Amino acid sequence: MDDIHAIVQQHKLSVEQSRIVLKGYYSAWSLLEAHQQLPDVRLPALFSSPSLKTIAQFGGQSGAPNFMDDAAWLFDVYHPLLSDFVEYMSRFLHQESMDLVLDGTLEQPLDFVGWLLKPETAPATQHLHAAPIAFPFIGLFQLMHLVVLYKTLRIDPGELTTLFRGAIGHSIGIHIAAAFASVTDQDSLYGCAEKALGILLAAGWKMQAGIPLSHVSKAILDDELEHGGHPSPMAAFSLLPQNRLQQFIDDFNQGTNSADSKVRIGAYQRTFCVCCLRHC
């Protein structure tokens, strides 16, 4: 039979109509799976055509500015397909994040399942976008897409990796690309996902420990918030003359068409921090 997503697209349904149809369709997944009555699905031409070669690409933080809302939508629509995986990874990250609560980096342990089911219990936006939370959350969000993909195609995770010629990533996506490329079966998916999310959690902690959010200049924050931006520390430079660093920044800004993608220097103690005018 045709894939339900192809049918939704053919009928040009709105986002809300698509959500209702897909959620209703997959609500029966668990029952059909238990009775081994899941329908066979035709492999899309994207993966079955010998003339097409696909690469899996995973983005970074700037590619998912509304990751909380997007993840909640995905978890709601495909809940029967995602619940086991997301609950397992959420428990893993909850346990791993306890040390970050003890050292004061986080106010509370990570509870992604709880936040997805009850968004009102999630941290405020500023804290939600902090590296120790955003990094593993976006990584989990990307992994959720992979779980939905292999389950809706009715193949196992190892088969899914063979449908791609390679996997590439930027920033957070590098870790997910490496994890995806290493998957051979269901067990390895969970193992690789744990490693990738654990690394992202540690990387987020290290970044915030080096340059806490509280050290971003209030003047810069006020100025950019007034103009619709949300600046955050991007990189720290030492042993480099400020005028030389400024030359690099000027060259970058001249080649950037988008006003909210330009960068500037913000001094932090004796280190120069290059800040982006949007949250990258």
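## Helix α12

In this predicted model, helix α12 spans residues 172-182, and its buried residues are Ile 172, Gly 173, Ile 176, Ala 177, Ala 179 and Phe 180. These residues lie on the same side of α12, because the arc that they cover around the axis is only 165°.

Two of these buried residues, Gly 173 and Ile 176, recur in the surroundings of Gln 142. Beyond its neighbours within four places in sequence, Gln 142 is in contact with Phe 58, Gly 59, Gly 173 and Ile 176. Gln 142 belongs to helix α10, which runs over residues 131-152. With a relative accessibility of 11%, Gln 142 counts as buried, since the cut-off for that class is under 20% relative accessible area.

## The nonpolar core

The largest nonpolar core contains 65 residues. Within this core, the members that touch the most others are Tyr 78, Leu 82, Phe 85, Val 86, Trp 115 and Phe 137. Helix α10 supplies the largest share of the core, with 14 residues.

Trp 115 illustrates how such a residue is surrounded. When residues up to four places away in sequence are not counted, Trp 115 touches Met 68, Gln 108, Pro 109, Leu 110, Thr 121, Ala 122, Pro 123, Leu 128, Ile 133 and Phe 137. One of these partners, Phe 137, is itself listed with Trp 115 among the core residues that touch the most other members.

## Aromatic pairs

The structure holds 11 aromatic pairs. One of them joins Tyr 88 and Tyr 190 in an edge-to-face arrangement, with 5.1 Å between the ring centres and 75° between the planes. Tyr 88 is part of helix α6 (residues 79-96) and Tyr 190 is part of helix α13 (residues 186-210), so this pair ties together parts that are 102 residues apart in sequence. The two rings fall into separate accessibility classes: Tyr 88 is partly exposed at 32% relative accessibility, whereas Tyr 190 is buried at 17%.

A further edge-to-face pair is formed by Phe 112 and Trp 115, at 5.5 Å centre to centre and 70° between the planes. Both residues lie in helix α8 (residues 112-117), where they are three residues apart and thus separated by about one helical turn. An α-helix has 3.6 residues a turn, so residues three or four places apart point the same way. Phe 112 and Trp 115 are both buried. Elsewhere, ring pairs link Tyr 25, Tyr 26, Trp 29 and Tyr 78 into a cluster. Tyr 78 also appears among the core residues that touch the most other members.

## Salt bridges

Three salt bridges are found in the whole structure. Side chains of opposite charge can pair when their charged atoms come close. In the pair of Arg 19 and Glu 16, the N to O distance is 2.8 Å. Both residues are in helix α2 (residues 15-26), three residues apart, and are therefore separated by about one helical turn. Glu 16 is partly exposed, at a relative accessible area of 41%. Arg 19 also meets Asp 76 in a salt bridge, here with an N to O distance of 3.2 Å. As Arg 19 lies in helix α2 and Asp 76 in helix α5 (residues 67-77), the pair ties together parts that are 57 residues apart in sequence. Asp 76 is partly exposed, with a relative accessible area of 30%.

Lys 23 forms a salt bridge with Asp 76 as well, and the closest N and O atoms of this pair are 2.8 Å apart. Lys 23 lies in helix α2 and Asp 76 in helix α5, so this contact ties together parts that are 53 residues apart in sequence. Lys 23 counts as partly exposed, at 34% relative accessibility. Through shared partners, the salt bridges join Glu 16, Arg 19, Lys 23 and Asp 76 into one network.

## The chain as a whole

The chain has 15 helices and five strands. It comprises 280 residues, of which 41% count as buried. About 15600 Å² of the chain is exposed, and carbon and sulfur atoms supply 55% of that area.

Contacts between residues at least 6 apart in sequence give a further description of the fold: 68% of them join residues at least 24 apart. The pair of Tyr 88 and Tyr 190, whose helices tie together parts 102 residues apart, and the salt bridges from Arg 19 and Lys 23 to Asp 76 are examples of links between separate helices.

Technical notes:
Residues numbered from 1 in each chain as written. Predicted model: local features only at pLDDT ≥ 70, side-chain atom pairs only at ≥ 80, totals over all residues. Heavy atoms only, no water. Phe/Tyr/Trp six-rings, centres within 6.5 Å; stacked < 30°, edge-to-face > 60°. Helix = DSSP H or I, 4+ residues; strand = E, 2+ residues; numbered from the N terminus. Buried < 20%, exposed > 50% of the residue type's maximum accessible area, 1.4 Å probe, protein only. Contact = heavy atoms within 4.5 Å. Core = buried A, V, L, I, M, F, W, Y, C linked by side-chain atoms within 4.5 Å. Arc of directions from axis to C-beta. Salt bridge = Lys/Arg side-chain N within 4 Å of Asp/Glu carboxyl O. Areas by Shrake-Rupley, 256 points an atom, 1.4 Å probe, with all protein chains shown as cover.
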